[in-house]
Amino acid sequence: MFAHIMSSFKNAIEGRGTCGVNTDNGYNWCGHLIPEDVIINIFTYVPAKDLIKSGVIVCKYWHHLLNCQHFWFLKLKTDGVRLSNARRQRLQSEEDERKIIYIIQGLCSGKLPFNQNLILNPCGRDRFEHWRVGHGGDRIVIECPPVGSDEIPREASVPTQHCFVTSYYPGTRIQVIDLEKRGINAWIMDILKPEIHISEWVSARWDCNSQSFVEVRLQRVDEGEIEVNMEWSSLDNDIVCRKWYKISRVIEDYPEGINNIIYSSTGQDHQYWAGHYGAKTAGSSVVLVI
């Protein structure tokens with residue numbers, strides 16, 4: 001429907017109707033003047049994808065309105081896209097308006113995957129798809145539901161009860177998040193500087209202690225690298241075997257030029273038993289929070 005309306009406007013402007021542009025006061029449609037603030041207000045309720053794809057080609061006037069950062073900041077608010085004060089200030093201080101508009105359009109249209117888990121197949125529902133696996137002992141297996149431990153709690157926000165289970169020698173699964181392929185170029189990371197939230201849910205069987213280790217490496221365009229680690233062991237104080245625990249960390253102070261995130265999860269049991277008595281993990285997560 002919106003595309004049809006856009007086409008009608010375009011035809012009128014090209015001489016097949018009575019539309020024209022009043023460069024001083026707003027848009028003249030069939031002899032009626034529509035103030036600029038009214039048009040902008042209407043546009044804020046139109047889906048961003050339609051504005052980007054169709055709205056900008058209706059006429060030069062609309063193209064001008066839809067290429068102003070003022071409008072897109074209003075659109076951001078109308079769409080309820082949350083942006084911390086710090087990120088908003090960083091965005092507003094950017095000198096290249098084209099970059100500002102590109103980022104806001106991406107946020108409003110959902111093209112930029114911020115505030116969502118970038119890990120694919122985080123629990124093993126699709127077996128080992130998207131993971132590079134280094135099997136140890138009797139290999140890593142998928143359980144559903146978990147054997148020898150409680151069900152994965154609701155707080156984990158996972159859709160199923162699938163989990164990865166390790167053995168008596170370290171088993172590792174690795175996933176590389178190519179930010180550019182996900183639509184987030186290094187310069188977008190540099191401007192917004194999102195918090196990088198990493199987390200994983202882990203458990204041990206009731207009858208065998210185990211340990212888990214998460215390593216996250218942030219790779220830079222210049223081939224530099226920063227490494228962040230998290231460890232968990234059922235032998236730690238206050239840990240109850242069979243219960244699930246969330247291990248997490250937030251990375252804020254990182255250098256510019258980040259273009260890859262490498263997530264690695266390793267687990268094994270403490271007692272070297274044959275079979276699958278090692279750490280159980282689910283809900284692996286990497287979220288860029290703005």
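## V289, the pocket and the cavity

With a relative accessibility of 26%, V289 counts as partly exposed, because this value falls between the 20% under which a residue is buried and the 50% over which a residue is exposed. The structure described here is a predicted model.

V289 belongs to strand 13. When its neighbours within four places in sequence are left aside, V289 has contacts with R87, N115, P194, E195 and H197. One of these partners, P194, is 95 residues away along the chain, yet the C-alpha atoms of V289 and P194 are separated by 5.3 Å.

Turning to the chain as a whole, the secondary structure comprises eight helices and 13 strands. Of the 290 residues in the protein chain, 48% count as buried, and the chain exposes about 14,900 Å², of which carbon and sulfur atoms supply 47%. Among the contacts between residues at least 6 apart in sequence, 74% join residues that are at least 24 apart.

The largest pocket, with a volume of about 350 Å³, is lined by 24 residues, and N117, A156, G283, S284 and S285 are those that lie nearest its centre. Strand 8 (195-203), strand 11 (244-251) and strand 13 (280-289) are the elements that give two or more residues to the lining of this pocket.

Where a cavity must hold 30 Å³ or more to be counted, the count comes to one, and the space in the largest cavity is about 50 Å³. The lining of the largest cavity is made up of I140, F164, T166, G171, R173, S212, S265, T266, G267, A279 and T281. Strand 7 (171-178) and strand 12 (258-269) each supply at least two residues of that lining, and the largest share, three residues, comes from strand 12.

The table sets out the volumes and the lining classes of these two spaces.

| Space | Volume | Nonpolar lining residues | Polar lining residues | Charged lining residues |
|---|---|---|---|---|
| Largest pocket | about 350 Å³ | eight residues | eleven residues | five residues |
| Largest cavity | about 50 Å³ | three residues | seven residues | one residue |

Which residue classes make up the lining of the largest cavity? The lining of the largest cavity divides into three nonpolar residues, seven polar residues and one charged residue, whereas the lining of the largest pocket holds eight nonpolar, eleven polar and five charged residues.

Definitions and conventions:
Residues numbered from 1 in each chain as written. Predicted model: local features only at pLDDT ≥ 70, side-chain atom pairs only at ≥ 80, totals over all residues. Heavy atoms only, no water. 1 Å grid on protein atoms, 1.4 Å probe; cavity = no way out; pocket = protein on both sides within 12 Å on 5 of 7 lines; lining within 4 Å. Points joined across faces, edges and corners; volume = space filled by probe spheres on them. Helix = DSSP H or I, 4+ residues; strand = E, 2+ residues; numbered from the N terminus. Nonpolar A, V, L, I, M, F, W, Y, C, P; charged D, E, K, R; others polar. Buried < 20%, exposed > 50% of the residue type's maximum accessible area, 1.4 Å probe, protein only. Contact = heavy atoms within 4.5 Å. Areas by Shrake-Rupley, 256 points an atom, 1.4 Å probe, with all protein chains shown as cover.
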